[in-house]
Structure formats: structure tokens, C-alpha cells
Amino acid sequence: MNNPLLTENIGVHLIDMDTGIDEQVICNSDGSFTILINARLSCAHQMIAYQHAIMHIMNDDFEKKYADDVEKAM
């Protein structure tokens with residue numbers, strides 16, 4: 001299966017975060033990714049945050065220079 005959403009190279013964790021943060025994606029040194037989802041969000045909003053994070057991974061946004069431009073494009 002070649003689906004980037006079904007890989008063990010992406011770890012997802014629900015943690016309490018500041019209310020202004022929905023999610024954070026970390027590109028790990030081994031090439032894997034860690035997605036941190038704000039546990040204070042509703043279940044529906046957590047799914048939106050997860051999808052947003054996955055899009056960053058699929059678009060290879062970690063290789064891009066300006067984070068603000070990446071967010072505007074999404």
C-alpha cells in the first residue's frame with residue numbers, strides 16, 4: 001500500500017496545548033513525523049487539525065523557506 005496516511009512513519013499524539021494552537025507537526029531526524037493535536041479541541045476540530053497537518057506532510061512543506069507563505073497557500 002502506498003498511502004502516506006497509512007504509515008508507521010507518522011506518530012499522532014493528543015496533548016493539552018494553548019487554546020490558540022490547533023496542531024503542530026515535527027519533522028524528526030530519522031525522516032518520520034510527529035503530529036501533536038490539541039486535546040482541548042472538539043473531536044471534529046481535532047480531525048480538521050489532523051487533516052491540516054497531513055497536508056503539510058504531503059506537500060513537503062518542511063523544505064519550504066517561509067512558513068507564513070505555506071499557511072496562506074493552504
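User: Across which strands does helix 1 lie, and at about what angle does helix 1 run to strand 3?

Analyst: In this predicted model, local features need pLDDT of at least 70, side-chain atom pairs count only at pLDDT 80 or more, and totals for chains, interfaces and linings use all residues. Residues are numbered from 1 along each chain as its sequence is written, and side-chain values use heavy atoms, with hydrogens and water left out. Helices (H or I, at least four residues) and strands (E, at least two) are DSSP runs, numbered from the N terminus. Helix 1, residues 43–58, lies across strand 1, strand 2 and strand 3, and its angle to strand 3 (axes fitted to C-alpha atoms, for helices over the stretch in contact, that is, heavy atoms within 4.5 Å; 0 to 180 degrees between N-to-C directions) is about 155°.

User: What is the order of the strands in the open sheet?

Analyst: Strands count as paired if DSSP finds at least two bridges between them. Strand 1 (10–15) and strand 2 (23–27) are the edge strands, each pairing on one side only. The pairing in this three-stranded open sheet is mixed, and the order is 1-3-2.

User: Which residue of strand 3 is the bridge partner of Q24?

Analyst: Strand 3 covers residues 33–38 and pairs with strand 2 in the antiparallel sense over five bridges. Within strand 3, the partner of Q24 is L36.

User: What percentage of the residues in the chain is buried?

Analyst: Buried means under 20% relative accessible area (1.4 Å probe, protein chains only). The chain has 74 residues, and the buried share is 27%.

How values were computed: Buried < 20%, exposed > 50% of the residue type's maximum accessible area, 1.4 Å probe, protein only.
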